There are 4 protein chains.
Amino acid sequence: MTANGPDLQTLLDEITLAARPFAARGRVADYIPALASIDGARLGMALATVEGELLGSGDFETRFSVQSISKAFALALVLAKDGDALWRRVGREPSGNPFNSLVQLEVEHGVPRNPFINAGALVVVDRMLAHTGDACGTLLDLLRRESGAADIDVDLVVARSEATHGHRNAALAHFMASYANLESSVVTVLDHYVRHCAIAMSCSELARAGLFLARHGVRADGTHLLTRSEAKRVNSILLTCGTYDAAGDFAYRVGLPGKSGVGGGILAVIPGRGCLVVWGPALDKSGNSVAGVEALDRFTTSTGWSVF
Amino acid sequence: MTANGPDLQTLLDEITLAARPFAARGRVADYIPALASIDGARLGMALATVEGELLGSGDFETRFSVQSISKAFALALVLAKDGDALWRRVGREPSGNPFNSLVQLEVEHGVPRNPFINAGALVVVDRMLAHTGDACGTLLDLLRRESGAADIDVDLVVARSEATHGHRNAALAHFMASYANLESSVVTVLDHYVRHCAIAMSCSELARAGLFLARHGVRADGTHLLTRSEAKRVNSILLTCGTYDAAGDFAYRVGLPGKSGVGGGILAVIPGRGCLVVWGPALDKSGNSVAGVEALDRFTTSTGWSVF
Amino acid sequence: MTANGPDLQTLLDEITLAARPFAARGRVADYIPALASIDGARLGMALATVEGELLGSGDFETRFSVQSISKAFALALVLAKDGDALWRRVGREPSGNPFNSLVQLEVEHGVPRNPFINAGALVVVDRMLAHTGDACGTLLDLLRRESGAADIDVDLVVARSEATHGHRNAALAHFMASYANLESSVVTVLDHYVRHCAIAMSCSELARAGLFLARHGVRADGTHLLTRSEAKRVNSILLTCGTYDAAGDFAYRVGLPGKSGVGGGILAVIPGRGCLVVWGPALDKSGNSVAGVEALDRFTTSTGWSVF
Amino acid sequence: MTANGPDLQTLLDEITLAARPFAARGRVADYIPALASIDGARLGMALATVEGELLGSGDFETRFSVQSISKAFALALVLAKDGDALWRRVGREPSGNPFNSLVQLEVEHGVPRNPFINAGALVVVDRMLAHTGDACGTLLDLLRRESGAADIDVDLVVARSEATHGHRNAALAHFMASYANLESSVVTVLDHYVRHCAIAMSCSELARAGLFLARHGVRADGTHLLTRSEAKRVNSILLTCGTYDAAGDFAYRVGLPGKSGVGGGILAVIPGRGCLVVWGPALDKSGNSVAGVEALDRFTTSTGWSVF
């Protein structure tokens, strides 16, 4: 791929340029002040390849709030420890349309539909707490080591802002607790959940950190975080459940496993090739970056690097 | 792949042997007599490669009722004609759990969630009728040409049996008609729908017929049924929606685009490599072949040929 | 009550005058042309007392399409025959909000929630067919005898118009048939259902016809259609389920058992006193006559004749 | 009614005797230890008449946990202050079947369906807090004054037990808070809610306390808690929403406005005549006292004192 380096750099630059105007079709998340103040027109894109190259374009070195992208890493950490036993606590099916979230929790007796809806991510945090006692710290450690950026941390302004707007997550946590599907206290789970969503990273840092998913589970230091089979499984859940209620649309347009966050980031895995991260804060109705999805769509169309 | 031929044949034989006992965990579909009489212990597996090879094991030349597998071919035919205009009539998101089917139709004003739930397949048939006037005939023509088996046909015993048990499909069709989301009459749509599900084919015929999805849209005669991009899109919908309410589980275990039918068949696409079809009539709770999913799981684990 | 006669007449006249302007807040049902052409400003009110008096005001002698009001009479006829065995086929609980209709049918395996939602009324018609072979004819006979108007009949223009817009009812009927909760054919049930909703009657005719519900089950000829206990039971279902999704609001404002129809009529029962019918074609969002509910509210507030 | 006194006493004794065996068909609430230890075979019945008589039979002077019966009194207190403005915060329609509770909250943007489902009762408590700053204290004051029993109080063992099992109510409260439909803090609302459900009273005390609902809003001291119209309105909500998901069945069998609690009590209003309270701890599937409903059914059948 070194040979392709220059071409890929040109491609990223072209795509960043072409996709940026799409931001005008979206809206920056405004449910907390700390996110609402971000300039929606920013756009960055970074590709970390399995050969060790890192290419970037636009605002690819600006840190932003990773939000739900943290859930992909949390799932990997928990699956590495729990294996298939995890699936007694959370499902792995797409969630259907949004209004079902609560009724599904009720119909399925407090077992969330997948690890990426909020209820499921709370269960994953609860499992991390059971394993290490410090869910957010364990996650930070992974992100710092894989990205090589030791100063990655929680944005406390965002975390505090989320905490004071967190009635809905509190409702979900209490609801699961009523079905005995949380082991730690509701307060502790919510605290770690809020903080692990408020981690700030750049496209380049996220692309390096997620590279193990493209390398069939192998970490930066050559050890295995996941087996080949487990890495495939995380990728399959990313593809079917990683982009909220638009997973079908994302698979259709982009054709890669991916995880989005309301901070405007999207992490996409190109199995065997690399990890591609975009950031554009203006979101579509489903909560995915408008310019980001457009950029990924153009990238896979140009390269043919979809999984399909 | 010719070099791999002998090894692949051995692998198919081993997998067929190992997966067959799993049939005991399932039940043959019994909602119509014509299906209930099939021996649940049968198992066949066929692989058609993009290089033109055909390998098979077990009952791979026995014809069975393709049922919902026909929906994958119908979607390809309609997408080739309608392009993205199709998505005004039907969605492309996974359907969540089964009890939602009707409420989702209601919430979404008669637009089915995806082309593979029954309501969505009725819309696809309605589109085929608009294009050719003979939905079932057009589909038969495609299947015969791609598979090279000119005698593929509707099993009229199965078709009649379905028709007399079809109140639920009639309800769906009338419900969509009440939202003006059917152009042909309810009776005509149901007739073509029932017949196109009652087509009988073998694993080897289906594997050859589905090969265009692994060849990026290219038919047996070298012409394009679909563009490369359209083929990718059909595969993405197969992966996210192709196996009823177990699409997440199928992606997790098998990691391939696939379409199952209650006749016990599953067609899986290995993009760029081939089309793999299994048949085992005993079904799990979600309506997928128990031994079939097991065989596909073993195949992708052994070969590494998952998309992830 | 004869003594009150003059006062009641004055009251009806005052109420009709005061309630008429409320029609401006509603809309005439427009889903079929035969109903859409009615003047929304019309308003009639009739009271038949258990002593045999009939008082009326406004357009109380104009016939209109009774629509769902027929369901109250159908329920009485079926309960008289089936007794509590009826409740194996249909429930008697309020239906919650409208979008639940289909999901409730699914969750409750084809047993409609109560006899007044369309699905439940189809079951009641199916029971009438089982008893007499002619559901609509049996109902017409009851209405003619109780009201003394031998020329009451189905408005065939309305019936035909409904039939061609009946996909939703057809969906419900097929859906229940899929759960084996219809004995007659879908086509027959729908035919009788549509016709029994298209009966045309005036306020005065309906008030006389419904008097048996105020007389604890006693018909005009002194015989019992229902026992005292059965009449009480029909009234309780009218109160809890008789006005679509606004039963709670109707009970709160009016405080009487009542049944409304999208033709703009409302039949209210004053147990032990009489039967009060209003007609005003402009409907609120729930499908109840705006001026009609207003008139009934004023009537019970003035007389204190609520059941509470 | 003094003349009827002896006959009514005999009737109550006969009914208590006949209904007691029905307890065997139910189960005592066991979700908290403090309730689970009650003897399910106990049965009491008390009637307070508008003339000032009090009749009782069986365990009518034993105090039990009033649980949701407190919601009827809370509603009266809040409606007296807020009038129809209350209905911007909570609906007044029956709730359909239980699994809808949360999805309805979601569909209706945090506005509970009626004041008697838990979510709605939390809103009512929130309103009481806004009015007086001490919801539970205000309610206790009303109950003590109306019943004449100054020592009525919260059972702290029950209250503590509820509080430690209250994840579901916490979920509801946080969920409504996420829609800004709570003014006080979640913790304060839950505290007052739990305590006002844990008040202990006997049948005779409850019958006296509820008499104002039969006297069109007039309290024991002759002052008005509610206007005649407001009293009618509380009764209408009791009838359509007062007995959980069995309101239709209760209206059908008993035909009186009523409010039940999982402690086994049911308070029924006979407008213009009296207030009838039964207590039998064994509950049916809907959470209503089995022997209690049976007793009320027999009472209204014998006396004809249903509202219908």
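**Sheets, a buried helix and chain contacts in a predicted model**

In chain B, strand β5(B) and strand β6 (residues 199-201) run antiparallel to each other and are paired through 2 bridges. The model is a predicted one. Within this pair, B:V154 lies opposite B:I199 of β6(B). The two strands belong to an open sheet of 3 strands in chain B, ordered β4-β6-β5 and paired in the antiparallel sense. β4 (64-65) and β5 (153-154) of chain B are the edge strands of this sheet, and each of them pairs on one side only.

A further open sheet was examined in chain C. This sheet has 5 strands in the order β3-β2-β9-β8-β7, and the pairing is antiparallel. β3 (54-58) and β7 (258-260) of chain C occupy the edges with a single partner strand each, so one side of each has no neighbour in the sheet. On average, and with direction ignored, neighbouring strands of this sheet are turned by 10 degrees against each other. At one edge, β7(C) is joined to strand β8 (residues 265-270) of chain C by 3 bridges, in the antiparallel sense. C:G258 has C:A268 in β8(C) as its bridge partner.

In chain A, strand β2 (residues 44-49) was considered together with its partners. Of the 6 residues of this strand, 6 are buried, so the strand is largely enclosed by the rest of the structure. In a regular strand, side chains alternate between the two faces of the sheet. In β2(A), A:G44, A:A46 and A:A48 point one way, while A:M45, A:L47 and A:T49 point the other way; all of these residues are buried. β2(A) is connected by 5 bridges to strand β3 (residues 54-58) of chain A, and the two run antiparallel. β2(A) is also connected by 6 bridges to strand β9 (residues 274-279) of chain A, again with an antiparallel course. The residue A:G44 takes part in both pairings: its bridge partner in β3(A) is A:G58, and its bridge partner in β9(A) is A:W279. The hairpin formed by β2(A) and β3(A) has 4 residues between the strands, and A:G52 in this hairpin takes a positive phi near 105 degrees.

The corresponding region of chain D was described in a similar way. Strand β2 (residues 44-49) of chain D and β3(D) run antiparallel and are joined by 5 bridges. D:A48 has D:L54 of β3(D) as its bridge partner. In the hairpin of β2(D) and β3(D), 4 residues lie between the strands, and D:G52 has a positive phi near 105 degrees. Strand β3 (residues 54-58) of chain D is mostly covered, with 4 of its 5 residues buried.

Chain D also contains helix α5 (residues 118-132), which is made up of 15 residues. From its first C-alpha to its last, the helix reaches 21 Å, close to the 21 Å expected at 1.5 Å a residue. Because 11 of the 15 residues of α5(D) are buried, the helix is largely enclosed by the rest of the structure. The buried residues include D:A119, D:G120, D:A121, D:L122, D:V123, D:V124 and D:V125. D:D126, D:R127, D:M128 and D:L129 of α5(D) are buried as well. The helix is followed by D:G133, which has a positive phi near 80 degrees.

The arrangement of the chains was then considered. The contact between chain A and chain B takes 31 residues from chain A and 31 residues from chain B. On the side of chain A that touches chain B, α4 (100-107), α12 (228-241) and α13 (247-253) of chain A supply at least two residues each. α12(A) gives the most to this side, with 9 residues. By residue type, the side of chain A that touches chain B comprises 11 nonpolar, 14 polar and 6 charged residues.

A turn of 180 degrees, with a shift of 0.0 Å along the axis, lays chain A on chain B with an RMSD of 0.0 Å. The two copies are therefore related as by a two-fold rotation axis. The same surface serves both copies, as 100% of the contact residues of chain A recur in chain B. Chain A and chain C, by contrast, do not touch, and their nearest C-alpha atoms are 11 Å apart. Chain B and chain D are likewise not joined by any contact; their closest C-alpha atoms lie 11 Å apart.

Methods. Residues numbered from 1 in each chain as written. Chains lettered and ligands numbered in written order. Predicted model: local features only at pLDDT ≥ 70, side-chain atom pairs only at ≥ 80, totals over all residues. Contact = placed C-beta atoms within 7 Å. Nonpolar A, V, L, I, M, F, W, Y, C, P; charged D, E, K, R; others polar. Least-squares fit on C-alpha atoms with pLDDT ≥ 70 in both. Pairing = 2+ DSSP bridges. Axes fitted to C-alpha atoms, helices over the stretch in contact; angles between N-to-C directions. Expected span 1.5 Å × (residues − 1). Buried ≥ 20, exposed ≤ 12 C-beta atoms within 10 Å, placed from the backbone.
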